[in-house]
Amino acid sequence: IASLRESRCLIGMRYHSLLIASHAGVPAIAIPYQQKVENLCREQGISQVPIKTLSLEKLQAAFREIQKK
């Protein structure tokens, strides 16, 4: 977790990686593929880029948005 706190952002698909990032105060971008990941994102305010519409441009846009916060 200590090394995660040094990160500028986490991009993840898995529930626990996103949960740990949230608790560590690290901005995250989720690529959800399960309902439980989508629910976590809504509850924790984590940005999402749906896997069905995933593109480099959408990831870059999400990254720019979280950097503004």
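## A salt bridge in a predicted model

A salt bridge is taken here to be a side-chain nitrogen of Lys or Arg lying within 4 Å of a carboxyl oxygen of Asp or Glu. The structure shown is a predicted model, and by this rule the count of salt bridges in it comes to one.

The two partners are Lys 68 and Glu 65, whose closest N and O atoms are 3.2 Å apart, and this pair counts as a salt bridge because the rule asks for a separation within 4 Å. Side chains of opposite charge can pair when their charged atoms come close.

## Where the pair sits

Both Lys 68 and Glu 65 belong to helix α4, which covers residues 56-68, and the three residues that separate them along the chain amount to about one turn of that helix. As for the surroundings of the two residues, Lys 68 is exposed, with a relative accessible area of 64%, whereas Glu 65, at 43% relative accessibility, counts as partly exposed.

## The chain as a whole

The protein chain contains four helices and three strands, and, read from the N terminus on, its elements follow the order α-β-α-β-α-β-α. The radius of gyration of the chain is 11 Å, close to the 11 Å that the globule rule gives for 69 residues, so the chain is as compact as a globular protein of that length. Along its principal axes, the C-alpha trace spans about 30 × 25 × 15 Å.

Of the 69 residues in the protein chain, 32% count as buried. Among the contacts with a separation of 6 or more, 21% are accounted for by residues 24 or more positions apart.

## Surface and charge

The protein chain exposes about 4,700 Å², and carbon and sulfur atoms supply 53% of that area. The chain carries 10 positive and 5 negative charges, and the mean positions of these two groups are 2 Å apart.

## A closer look at Ser 22

Ser 22 is found in helix α2, which is made up of residues 15-24. With a relative accessible area of 22%, Ser 22 is partly exposed, because a residue counts as buried under 20%.

When residues up to four places away in sequence are not counted, Ser 22 touches Gln 44 and Ile 46. Leu 4 lies 18 residues from Ser 22 along the chain, and the C-alpha atoms of these two residues are separated by 11 Å.

How values were computed
Residues numbered from 1 in each chain as written. Predicted model: local features only at pLDDT ≥ 70, side-chain atom pairs only at ≥ 80, totals over all residues. Heavy atoms only, no water. Helix = DSSP H or I, 4+ residues; strand = E, 2+ residues; numbered from the N terminus. Buried < 20%, exposed > 50% of the residue type's maximum accessible area, 1.4 Å probe, protein only. Rg over C-alpha atoms; globule rule 2.2 N^0.38 Å. Contact = heavy atoms within 4.5 Å. Areas by Shrake-Rupley, 256 points an atom, 1.4 Å probe, with all protein chains shown as cover. Lys, Arg positive; Asp, Glu negative; His and termini not counted. Charge placed at Lys NZ, Arg CZ, Asp CG, Glu CD.
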